[in-house]
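Colleague: I would like to go through this model with you. Please explain each term when it first comes up.

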Amino acid sequence: MGVLLELLHPKTTLVVVFILFLCHAGVNAVCKLGWIEHCSSCYKFTDNHTDWENANTYCQGLGGMLLVIESEEENEFIAEEMRNSGMSSTWLGCNDASMEGTWVCYPEGVKKMQYTNWAEGKPDNFNYQDCAVINKKAKWNDRYYVNDMYTICETSSRVSAMSCYILGPDGRIQP
Ligand SMILES: [Ca+2]
Ligand SMILES: [Ca+2]
């Protein structure tokens, strides 16, 4: 009986709930407040409309990286979210600046594009375009570094990152 009472103690319950939350989080992804979770990634859809370099720096400042799309599933998810939020062309963290025609994605920098969804006839390197964008129809194009495009940031939602954050009273992660 004593054990049962101890188990029902609010503090114990809180610990149990917390442990359950951690276990739950171990299976499912956890994102910072304001970021959208989807398939082991967290995404921040921003109002930032700027050139590639600024967009890249902006995402790094938020502890992420520019969006990198690695599957059709991710491509469709992003395009749908873009349509929902009225965003036009958005930067991808990929360019072929180092070697024309060899597209690499950041932050790795040397990771060749695995999945692509170029629009017909793209990339065409028109007047040396080196940065990839996705439009709301889920098609990709190459644009200039200096073009102004929307910014979506991405980060891994791995739970190991949780040690960097504190759980708020609502159970969400505080920055
Ligand atoms: Ca991705
Ligand atoms: Ca190019």
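Modeller: Helices (H or I, at least four residues) and strands (E, at least two) are DSSP runs, numbered from the N terminus. This is a predicted model, in which local features need pLDDT of at least 70, side-chain atom pairs count only at pLDDT 80 or more, and totals for chains, interfaces and linings use all residues. Residues are numbered from 1 along each chain as its sequence is written, while chains are lettered from A and ligands numbered from 1 in the order in which they are written.

Colleague: How many helices and strands does the chain have?

Modeller: Counted as DSSP runs of the kinds just given, the chain has 4 helices and 11 strands.

Colleague: Which residue with a positive phi follows α3?

Modeller: Most residues other than glycine have a negative phi. The residue after α3 is a glycine, and its phi is positive, near 80°. That residue is G63.

Colleague: What share of the chain counts as buried?

Modeller: A residue is buried if 20 or more other C-beta atoms lie within 10 Å of its own, exposed if 12 or fewer, and partly exposed in between; C-beta atoms are placed from the backbone. Of the 175 residues of the chain, the share that counts as buried is 25%.

Colleague: Which residues of α3 are buried, and why are they on the same side?

Modeller: The buried residues of α3 are W52, A55, N56 and C59. They cover an arc of only 100° around the axis, and therefore lie on the same side of α3; the arc is that of the directions from the helix axis to the C-beta atoms. On the other side, E53, T57 and G61 are exposed. What covers the buried residues includes β2, β3, β4, β7 and β9.

Colleague: What span does α4 reach, and what is expected?

Modeller: The expected span of a helix is 1.5 Å times one less than its number of residues. α4 has 13 residues, and the span from its first C-alpha to its last is close to the expected one. Both values are given as 18 Å.

Colleague: Which strands do the buried residues of α4 pack against?

Modeller: In α4, I78, A79 and M82 are buried. Seen down the axis, the buried residues of α4 fall within an arc of 100°, so they line one face of the helix. On the other side of α4, E73, E80 and N84 are exposed. The buried residues pack against β4, β7 and β9.

Colleague: Which strands pair with β7?

Modeller: Two strands pair if DSSP finds at least two bridges between them. β4 (residues 90-95) and β7 pair in the antiparallel sense over 3 bridges, with T90 opposite I134. β7 and β8 (residues 140-143) also pair in the antiparallel sense, over 4 bridges, and there V133 stands opposite N141. The partners are β4 and β8.

Colleague: Which residue in the turn between β7 and β8 has a positive phi?

Modeller: β7 and β8 form a hairpin with 5 residues between them. The residue asked for is partly exposed, because 18 other C-beta atoms lie within 10 Å. Its phi is near 75°, a positive value in a residue other than glycine. The residue is A138.

Colleague: Which residues touch the most other members of the largest nonpolar core?

Modeller: In soluble globular proteins, nonpolar side chains tend to be buried together. A nonpolar core is a set of buried Ala, Val, Leu, Ile, Met, Phe, Trp, Tyr and Cys residues joined through C-beta atoms within 7 Å. The largest one has 29 residues, and those touching the most other members are L66, L67, W91, L92 and V133. The elements that give two or more residues to this core are β2, α3, α4, β4, β7 and β9.

Colleague: Which residues is H38 in contact with, leaving aside its neighbours within four places in sequence?

Modeller: Two residues are in contact if their C-beta atoms, placed from the backbone, lie within 7 Å. H38 is in strand β1 (residues 36-38) and is partly exposed, because 17 other C-beta atoms lie within 10 Å. Without those neighbours, its contacts are Y43 and F77.

Colleague: Which peptide bond is cis, and where is P123?

Modeller: Most peptide bonds are trans. The bond from K122 to P123 is cis, with omega near -5°. P123 lies in the loop between β6 and β7.
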